Amino acid sequence: MRFYTQERVGLFIDGANLHAAARALGFDIDYKRLLKHFQEQCHLIRAFYYTALIEDQEYSPLRPLVDWLDYNGFTMVTKPTKEFTDAMGRRKIKGNMDIELAIDVLEMSAHLDHVVLFSGDGDFRRLVEAVQRRGVRVSVVSTVRSTPPMVADELRRQADMFVELEDLAQFVARAGGQKREPGREPRNESPRDFGRELMPDDDGQN
């Protein structure tokens with residue numbers, strides 16, 4: 001990923017989307033390493049992290065990760081999930097953070113030279129286009145090496161630069177983690193599944 005000297009950079013991480021992409025490639029994200037990597041590469045202004053939380057649970061497996069990120073350099077943006085029953089009578093949980101992420105990118109674009117979007121969601125294509133018209137470069141981090149690819153083709157084409165997540169693994173993957181079999185089709189992730197994402201220990205060792 002190429003950064004210019006003194007370029008002001010903001011990270012915008014669609015938590016569930018990044019988690020699903022990493023799972024599809026067979027590794028876990030170490031957020032301490034991720035933050036350190038970008039701090040070393042550029043003038044990092046802020047790192048936003050977006051996720052929905054199940055509020056009515058006695059214990060949410062996602063809460064420890066959210067709390068750790070909140071205390072360790074990330075700006076957390078969360079909201080409660082919504083529960084509904086589909087036409088087949090199945091219980092579903094919905095937690096879309098697209099609007100929150102889009103608003104923050106637009107508001108922060110006046111203070112940034114480069115937006116790094118961790119998501120493959122094609123709905124963000126228009127957002128990327130709007131930010132580019134303001135003179136801001138946009139890089140998209142996702143993967144085309146999973147089956148199926150996790151990044152929408154229209155988003156990849158719109159971005160100034162596409163960064164393959166697997167190529168970043170050496171810098172952001174959880175060290176010593178058990179490699180899962182990559183290449184399988186990722187199932188639909190829910191906040192409940194996403195809580196399995198791993199945090200660094202307090203001393204930075206995993």
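Here are some questions and answers about helix packing and aromatic pairs in this predicted model.

In this predicted model, local features need pLDDT of at least 70 and side-chain atom pairs count only at pLDDT 80 or more, while totals for chains, interfaces and linings use all residues. Residues are numbered from 1 along each chain as its sequence is written, and side-chain values use heavy atoms, with hydrogens and water left out.

User: Hi! Which residues of helix 2 are buried?

Analyst: Happy to help. Helices (H or I, at least four residues) and strands (E, at least two) are DSSP runs, numbered from the N terminus, and buried means under 20% relative accessible area, exposed over 50%, partly exposed in between (1.4 Å probe, protein chains only). For helix 2 (residues 31–41), the buried residues are Tyr31, Leu34, Leu35, His37 and Phe38.

User: Why are the buried residues on the same side of helix 2?

Analyst: An α-helix has 3.6 residues a turn, so residues three or four places apart point the same way. The arc is taken from the directions from the helix axis to the C-beta atoms. The buried residues of helix 2 lie on the same side because they cover an arc of only 160 degrees around the axis.

User: Which exposed residues are on the face of helix 2 turned away from its buried side?

Analyst: That face of helix 2 is turned away from the buried side, and the exposed residues it carries are Lys36 and Glu40.
The buried residues, for their part, pack against several elements, including strand 1, strand 2 and helix 7 (165–172). So that you have the names at the end: the exposed ones are Lys36 and Glu40.

User: What is the angle between the planes of Phe12 and Phe48?

Analyst: Rings of Phe, Tyr and Trp (its six-membered ring) pair if their centres lie within 6.5 Å; planes under 30 degrees apart count as stacked, over 60 as edge-to-face and the rest as tilted. Phe12 sits in strand 1 (residues 8–14) and Phe48 in strand 2 (residues 43–53), 36 residues apart. Both are buried. Their rings are stacked, 5.0 Å centre to centre, and the angle between the planes is 10 degrees.

User: At what angle do the axes of helix 4 and helix 5 cross?

Analyst: Axes are lines fitted to C-alpha atoms, for helices over the stretch in contact, with angles from 0 to 180 degrees between N-to-C directions. The axes of helix 4 (residues 98–108) and helix 5 (residues 125–132) come within 10 Å, and they cross at roughly 5 degrees.

Technical notes
Contact means heavy atoms within 4.5 Å.
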